[in-house]
Amino acid sequence: MQHFTKQGAAYDEERTQMLKRYHLQVLRFTNSQIDSHFDDVCLEIDTVTQKRSKYFMANPYGEGPEE
């Protein structure tokens, strides 16, 4: 399913909301971002992962940090 169609966007949003119920955060990157700025994409993933990890270590029963 194409993410840039109305149907694809609706599917993505539904899936995102389901994952949020499990305190998971969805990060989305375009193929172009990955191809052209791979190091920046990796840094963003690492930054978010570290931030969320620290939060959940301090708040193991929390709802999760604001995204």
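The following conversation explains how the terms used for this predicted model are justified.

Modeller: Residues are numbered from 1 along each chain as its sequence is written. Because the model is predicted, local features need pLDDT of at least 70, side-chain atom pairs count only at pLDDT 80 or more, and totals for chains, interfaces and linings use all residues, while side-chain values use heavy atoms and leave out hydrogens and water.

Colleague: How do you know how many helices and strands the protein has?

Modeller: Helices (H or I, at least four residues) and strands (E, at least two) are DSSP runs, numbered from the N terminus. The protein has three helices and zero strands, and along the sequence the pattern reads α-α-α. Helix α1 covers residues 6-20, and helix α3 covers residues 38-58.

Colleague: What makes T16 count as buried or exposed?

Modeller: A residue is called buried under 20% relative accessible area, exposed over 50%, and partly exposed in between, with a 1.4 Å probe and protein chains only. T16 has a relative accessibility of 9%, and therefore counts as buried. T16 lies in helix α1. Of the 67 residues of the protein, 13% count as buried.

Colleague: Which residues is T16 in contact with, leaving aside its neighbours within four places in sequence?

Modeller: Contact means heavy atoms within 4.5 Å. With those neighbours set aside, T16 is in contact with V26 and R28.

Colleague: Why is the pairing of T16 and R28 called a polar contact?

Modeller: A polar contact is a pair of N or O atoms within 3.5 Å; within protein, one must be able to donate a hydrogen and the other to accept it, and residues adjacent in sequence count only if both atoms are side-chain atoms. The side chains of T16 and R28 are joined at 2.8 Å, so the pair meets the distance limit and is listed as a polar contact.

Colleague: What makes the pairing of R15 and D12 a salt bridge?

Modeller: A salt bridge is a side-chain nitrogen of Lys or Arg within 4 Å of a carboxyl oxygen of Asp or Glu. The side chains of R15 and D12 meet at 2.7 Å, N to O, so this pair satisfies the definition. Side chains of opposite charge can pair when their charged atoms come close. R15 and D12 are three residues apart in helix α1, which means that about one helical turn separates them. D12 is buried because its relative accessible area is 8%, whereas R15, with 29%, is partly exposed.

Colleague: How do you know that R28 and D12 also form a salt bridge?

Modeller: The side chains of R28 and D12 meet at 3.9 Å, N to O, so the limit of 4 Å is satisfied. This pair links distant parts of the chain: R28 is in the loop between α1 and α2, D12 is in helix α1, and they are 16 residues apart. R28 has a relative accessible area of 44% and is therefore partly exposed. Salt bridges with shared partners join D12, R15 and R28 into one network. The structure holds two salt bridges.

Colleague: What makes M18, Y22 and L24 a nonpolar surface patch?

Modeller: Patches are made of residues with over 30% relative accessible area and no salt bridge; like charges are joined within 9 Å, and nonpolar side chains (Val, Leu, Ile, Met, Phe, Trp, Tyr) within 5 Å. M18, Y22 and L24 make a patch of about 320 Å². For Y22, relative accessibility is 59%, so this residue counts as exposed. Accessible areas come from the Shrake-Rupley method with a 1.4 Å probe, and for residues only the protein chains shown count as cover. The accessible surface of the protein comes to about 5,800 Å², of which 54% belongs to carbon and sulfur atoms.

Colleague: What is notable about the phi of H23?

Modeller: Most residues other than glycine have a negative phi, and most peptide bonds are trans. H23 is not a glycine, yet its phi is positive, at about 65 degrees. H23 is found in the loop between α1 and α2, and it counts as partly exposed because its relative accessibility is 29%.

Colleague: Why is F56 called partly exposed?

Modeller: F56 has a relative accessible area of 24%, and is therefore partly exposed. The C-alpha atoms of F56 and H23 are separated by 10.0 Å, and the two residues are 33 residues apart along the chain.
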